[in-house]
Amino acid sequence: MKTDVVIPKLGMTMTHGKVVEWKVGEGEWVDESQIVVVIETEKVTYEVEAQDSGYLHILAGPGDSAEVAEAIGELYTTKEELPDPVAATGASSGKIPGTKPAGKPAPAVQAGGSAPKKRPKGIRITPTARKLAEAHNLDYTVIKGSGTSGRINRADVEQALAAGPAAVAASAAVSFDGEIIDGKRVKDELPLTGMRAAVAEHMHHSLQVSAQLTTMGEMDATELIRMRNTLVAKEAVLGTRITYTDILAYVVTQVLKAVPILNSSIIGNKIKLWEDINLGIAVSLPEEQYDAGLIVPVVKNAERMSLTEISIKIKELREKAISGRLALDDITGGTFTISNTGGFGKGYTYNTPVISQPQSAILGVGAIVDRPLVVNGEIVVRPVMNWNLTFDHRAINGAPVGKFLAILNDYIENPYLLMA
Amino acid sequence: MRELMYLQAINEAFAEELERDEKVFLMGEGIQTGTFGTTTGLVDRFGPDRIMDTPISETAIAGAAVGASLMGYRPVADLMFSDFMYICADEILLKAAQWRLMQGGTQKLPCVFVANIGGYRKLGNEHSHCPYSMMLHSPGLKVVVPSTPYDAKGLLKTAIRDNNPVIYLYHKGLLPVIGEVPKEDYTVPFGKAAIRREGTDVTVVAISFQLFWVEAAAEMLKDEISVEIIDPRTLEPLDIDTIMTSVAKTGRVVIVDEDTERCGFAAELATQIMEKGFYDLDAPIKRVCAKNYPIPGGIMEKFVLPQPEWVVQAIKDVMVD
Amino acid sequence: MKFGKEELLKLYVNLVRTRAFDRAAVKWLATGKLLSFYHPAEGGEAPGVGGTTFLRKDDVISPHLRGHGLPHMIGKGADPKYYLAEHCGRSTGAGNGLGGIHAALDEWGMYGGSGTLGSCFPLSAGWGLAAKKNGRGQVVVCFFGDGTSNRGTWHEAANMAAVWKLPIVWVCENNGVAQYMPIKDAYPLEDLANMASAYGMPSAVVDGQDVVAVAEAVMAAVEMARAGEGPSFIECKTARFSAHGIGNPDKVHGKDRTPEEIAKLRERDPVVLFRTSLLEKGVLTPADVERIDQDAVDEVAATEKFIDESPFPDDPSILDKALYAE
């Protein structure tokens, strides 16, 4: 008797999942409801419970993709029924469209070596010289060859080895045992899979399908700061510490009510103006070695929420994002996105944020910095927040954008208007 | 030790083997007289039934050698000039080479085909060939190319004692060369190359007569280049291991072979070295061979057959490649 | 030599067996059991059978192409099944599966066959030389066709054999046509035996359809050679009843041999002629004829069974063992 362990359908649009880790080993017993495997969808990881008990037979290993409802494992009632283990396939060629498996770095050459690695293009070197260089992890690409047509021969390599690391470094021949592509040495590599691949694909797709342009400007943040400080002082009362992002989310929601075409999507040959204002709030995930992930959880129906509610919600979503517990519904259904890059520092100001499809606009704001402004004919120093609004010119013309920005600027510079 | 000329060493080998085994006999045109001295005097000792003068009939001589060897005799067919082997190519390359396997692999054909090779006497294209690549291309034949009097005697004895067809090729230019030749019975095994000179910079493989120019070149260049000289002695079986050990040491190779360059033994050896020791090579392999022309007679011979200067230049060139 | 009843019967049985095996070979080629190609002997069996039936076991023969040596090896006394197994590609064959159409039967004085017609001449000279050196009266009988005698190797070997007085009987099976070439356009004289005198050899021309005539002439020559008197030349005028080889058109100079021509040749069928003669003489009875025919049928059937039960070779290591002798 056997039951399948399948990729569960976690969201309406989900088509594939990838096996991340089996929690139970091949041939081991699994109890019903026990977590048996962790899978990953485009942006979410998920622990799958066993639907039955039995001895586990693994069909798809870590890195393998499968379609929703496809069996990735089997549970057998008796040990005798267990088939032989399937050979590990490792990183598959990926059934997820747009996913490319990672290339593996070339293995280090053993001393006294067997067949050396592929010779970089354009380098002329004799076979024995290459074997010798690779056995000593010497980057021969920077050696000047004394042979015909600049061919590097064994004596050249012996000389380079004898000259020692200083001379080698002087001629930029650093000992390097990694991969070399087109003469460039590879420091490290990151897989373009999972969330990263999804973001990459989405960004590219967005730029391809829409007519995006970005209008940029600044707003005087004096009143914004004052308002925020006031609200922060009342943290205990509100039950949440209000942030600039929270305020922006609330304000933008009100502006969108006034200029609904910025809260729309092109579907087929129609521009759908949404009743719901679902704000995507860009969240930067904890920094890893080289990068920090990006995810955009959605505050659903912000049009019904108070500033406090929005603040609480954003915190909750940010928490979930950082701990990797966002559900699929948390990251889908947005109608407008806000990206506050203030946290990245003063340098990150003017930029052209990319619209999150199928939305029609995205507002990015930068850090608040002091700038000289002209107020009443005089140059004064004011705290200034810059904004970058990218909109899809297929759905929206300049006029509504101008209106949106005018109202946004008004609210930010005169928050009391929000009450009116 | 006693010294003999190369041709005398051959004569002595014949005499000893004729004495040793009554099944051995020689056939050839004018061998009782002995055009080159290699068979002179043998008839006085062994009689005309064992030293048989034949009509000018290469196909009959070679074919009869094959036939007689099938019936337990050990005939030596002396074809005089290896160029004439083309006349009885069927008998040597198809019959002798292939008969054993063709008939089921149980018969023995202990026959030897002897002839001289080589030029430098302005004899022209029909008395100057070194056709051993043709023989090598017919599996079933062993091919022997002695370069010293010691090897001439030892290899001929091994050839006559071998139970397979052997082509024994002696070089005209080596006939008067003097060297140490033991009086006693000794043999030189097939498939064992001789390292004529040890060196570290370049491996030079020299066949037959070319050995002497290579030795002279090595001596001349000794202050600049350390030359290692390998003399294969037998081309089939070939001692490729000794050659490869040398290549691993030096990384550079020059093959000196008097035969025509195109599809010659040097081409075969170069390919084997590339296949077996690609990662030991520090430069492309060089060949010094006869150029791809019919060998001209007279003065023009020197523009086709390998010359000593070509050998020196090739060794120098391979070092700077 | 004297031809009593026993000798005549022996000749007859060999002829009948030869005919049966020759026809079987034709059939087996058509079914794919026999590999490569086949040149039927039908019509030309008598020179091979007549020329070998009374030889010593240690006499050496070189069979001609006709019937791929079946008339010769059957006459010599060898069991053709090993040759035929080889021809069918089996590992039990005389060539261990390596020879194909070539195969030696050293024990019976057959040291192997060549694919090139005319190679037989220098080889026979070598065999004759060895026979002479052996000094025990061995004789070499070399069979060849009219076309084959055009080779240069014939002249060199004939000359060498004559001048060295080698114990060789050269038997020419002249059936008038070499594949598509009539001998009259390949040699200027009517009788190929004329070539013998050029080398000082005695010669004879006999009716190649009369197996007794052949046997008489060849054995006389064999006795001469055995006595050390040197080589001789026997020309057998014989016939080829079908094309040179299976699958070849039966043409001469591009034109078909006519049914009338063939019918005329078939009037002198060596088996029929001999049977008739022996029946007339009372050497054979009709019952004998039937029995001998049936024996031949049975022998062919047994050979076929042996072949069918023999495996094909599939071990490439036999090549290494076969390349060089120890």
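Q: Hi! Which residue does Arg196(B) form a salt bridge with?
A: Arg196(B) pairs with Asp231(B), and the closest N and O atoms are 2.8 Å apart. A salt bridge here is a side-chain nitrogen of Lys or Arg within 4 Å of a carboxyl oxygen of Asp or Glu. Keep in mind that this is a predicted model, where local features need pLDDT of at least 70 and side-chain atom pairs count only at pLDDT 80 or more, while totals for chains, interfaces and linings use all residues. Residues are numbered from 1 along each chain as its sequence is written, chains are lettered from A and ligands numbered from 1 in the order in which they are written, and side-chain values use heavy atoms, with hydrogens and water left out.

Q: Which parts of chain B does that pair tie together?
A: Arg196(B) is in strand S9 (residues 194-197) and Asp231(B) is in strand S11 (residues 227-231) of chain B, so the salt bridge ties together parts 35 residues apart in sequence. Helices (H or I, at least four residues) and strands (E, at least two) are DSSP runs, numbered from the N terminus.

Q: And is Asp231(B) buried or exposed?
A: Asp231(B) counts as buried because its relative accessibility is 1%. Arg196(B) is partly exposed, with a relative accessible area of 26%. The cut-offs are under 20% relative accessible area for buried, over 50% for exposed, and partly exposed in between (1.4 Å probe, protein chains only).

Q: How many salt bridges are there over all chains?
A: The whole structure has 55 salt bridges over all chains. One of them joins Glu16(B) and Lys153(B), at 2.8 Å from N to O. That pair links distant parts of the chain, with Glu16(B) in helix H1 (residues 6-20) and Lys153(B) in helix H6 (residues 149-161) of chain B, 137 residues apart. Both Glu16(B) and Lys153(B) are buried.

Q: Got another one in chain B, say with Asp90(B)?
A: Asp90(B) forms a salt bridge with Lys95(B), again with the closest N and O atoms 2.8 Å apart. Asp90(B) and Lys95(B) are both buried.

Q: Switching chains: where is Lys76(C) found?
A: Lys76(C) sits in helix H3 (residues 70-76) of chain C.

Q: What is the nearest side chain of opposite charge to Lys76(C)?
A: That is Asp59(C), 6.2 Å away, and Lys76(C) is buried yet has no salt bridge. For charge, Lys and Arg count as positive and Asp and Glu as negative; His and the chain ends are not counted. The side chain of Lys76(C) does reach the backbone oxygen of Lys57(C) at 2.8 Å.

Q: Now the interface: how many residues of chain C are in contact with chain B?
A: 42 residues of chain C are in contact with 42 residues of chain B, where contact means heavy atoms within 4.5 Å. Lys133(C), Glu156(C) and Tyr324(C) supply 20% of the area that chain C buries against chain B, more than any other three residues. Buried area is the accessible area (1.4 Å probe) that two parts lose on being put together, summed over both.

Q: How much do the two chains bury between them?
A: Chain C and chain B bury about 3,200 Å² between them, with 60% of it on carbon and sulfur atoms.

Q: How many salt bridges are counted between chain C and chain B?
A: The count there is 0 salt bridges.

Notes: A polar contact is a pair of N or O atoms within 3.5 Å; within protein, one must be able to donate a hydrogen and the other to accept it, and residues adjacent in sequence count only if both atoms are side-chain atoms.
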